[in-house]
Amino acid sequence: MKMLHDCSAYLLLLLFLLSCEPANSRTLQLDSCLVNIHSHELRKHYSDIRSRVISEDGEVGVKLLDKSLIKDVQEGQKCCFIRLLLRFYVERVFSNFASSELQLQRCSSALANGFVSIRRDIHKCHCQCGEETQRKIDSVHANFVKLQINQAAQKAVGELDTVLEWLEGLEHKS
């Protein structure tokens with residue numbers, strides 16, 4: 001009787017797991033690199049904090065990311081550009097983004113974890129970076145360090161729309 005009960009419990013667990021929706025993951029092709037991206041999850045976490053982060057941006061006249069940056073990336077350099085940009089966000093932005101609000105902390109942590117996951121996939125590809133691509137990322141860093149670190153992190157999180165648009169744009173082209 002106990003064995004039948006145990007089998008029933010395992011069967012119910014298996015049915016539950018099979019009925020759950022899989023994570024909405026898409027494969028993105030960056031040059032010769034294939035990367036899994038959960039753009040809906042990233043977009044959801046960002047939309048949960050977007051208005052709050054933007055409203056607290058005290059440096060309205062400063063822009064870290066120009067929407068044309070990705071358009072001007074040379075052929076064969078998208079993998080490198082996205083890898084360096086995600087590295088910047090994980091190492092400089094999310095690590096310095098501070099909020100006393102639990103919701104902002106949770107969402108920024110989820111975004112950082114999503115970027116770490118994408119970086120892990122890209123890291124396997126060994127993207128080669130050209131000088132021009134490195135200069136583009138260096139300009140983002142230069143604009144970032146001109147601001148006080150907390151303000152810079154706040155601004156960069158507020159500009160995540162641009163990063164997510166780039167990733168979604170690359171999804172549609174692959």
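**Exercise 1. Which cysteine does a disulfide join to Cys79?**

Solution. The model studied here is a predicted one, and the work begins with the sulfur atoms. A pair of cysteine sulfur atoms within 2.5 Å is taken as a disulfide, and the sulfur atoms of Cys79 and Cys127 lie 1.6 Å apart, so the two are joined. The next step is to place both residues: Cys79 belongs to helix α4 (residues 78–94), while Cys127 sits in the loop between α5 and α6, so the bond ties together parts that are 48 residues apart in sequence. The last step is to look at the accessibility of each partner. Cys79 counts as buried at 4% relative accessibility, and Cys127 also counts as buried, at 14%.

**Exercise 2. Find the cysteine that a disulfide joins to Cys33, and state the handedness of the link.**

Solution. The partner of Cys33 is Cys125, with a distance of 1.9 Å from S to S. For the handedness, take the torsion about the S-S bond of Cys33 and Cys125, which is about 65 degrees, so this disulfide is right-handed. Now place the two ends: Cys33 lies in strand β2 (residues 33–37) and Cys125 in the loop between α5 (102–123) and α6 (131–145), so the pair ties together parts that are 92 residues apart in sequence. With a relative accessible area of 1%, Cys33 is buried, whereas Cys125, with 27%, is partly exposed.

**Exercise 3. Describe the link of Cys80 and Cys129, then give the pattern that the disulfides of the chain follow.**

Solution. Cys80 and Cys129 are joined by a disulfide with 1.8 Å from S to S, and the link is right-handed, with 110 degrees about the S-S bond. Cys80 is found in helix α4 and Cys129 in the loop between α5 and α6, so that distant parts of the chain, 49 residues apart, are linked. Cys80 counts as buried at 0% relative accessibility, but Cys129 counts as partly exposed at 34%. The count of disulfides comes to three, and when the bonded cysteines are counted along the chain, the pattern reads 1-4, 2-5, 3-6.

**Exercise 4. How many salt bridges does the structure hold, and how far apart in the chain are Glu165 and Lys67?**

Solution. The structure holds 13 salt bridges. One of them brings together the side chains of Glu165 and Lys67, at 3.3 Å from N to O. Glu165 lies in helix α8 (residues 160–173) and Lys67 in the loop between α2 (39–55) and α3 (68–71), 98 residues apart, and the pair links distant parts of the chain. Glu165 is partly exposed at 36% relative accessibility, and Lys67 is partly exposed at 44%.

For a pair within one helix, turn to Glu91 and Arg87, whose side chains meet in a salt bridge at 3.3 Å; both lie in helix α4, four residues apart, which is about one turn of the helix. Salt bridges can also form a network, as they do for Arg43, Arg50, Asp161 and Glu168.

**Exercise 5. Is helix α7 mostly covered or mostly uncovered?**

Solution. Helix α7 spans residues 149–158, and seven of its 10 residues are buried, so the helix is mostly covered when buried means under 20% relative accessible area. Among the buried residues are Ala152, Gln154, Lys155 and Val157. Finally, look at the start of α7, where a side-chain oxygen of Gln148 comes to within 3.2 Å of the backbone nitrogen of Asn150.

Note on methods
Residues are numbered from 1 along each chain as its sequence is written. This is a predicted model: local features need pLDDT of at least 70, side-chain atom pairs count only at pLDDT 80 or more; totals for chains, interfaces and linings use all residues. Side-chain values use heavy atoms; hydrogens and water are left out. Buried means under 20% relative accessible area, exposed over 50%, partly exposed in between (1.4 Å probe, protein chains only). A polar contact is a pair of N or O atoms within 3.5 Å; within protein, one must be able to donate a hydrogen and the other to accept it, and residues adjacent in sequence count only if both atoms are side-chain atoms. A salt bridge is a side-chain nitrogen of Lys or Arg within 4 Å of a carboxyl oxygen of Asp or Glu.
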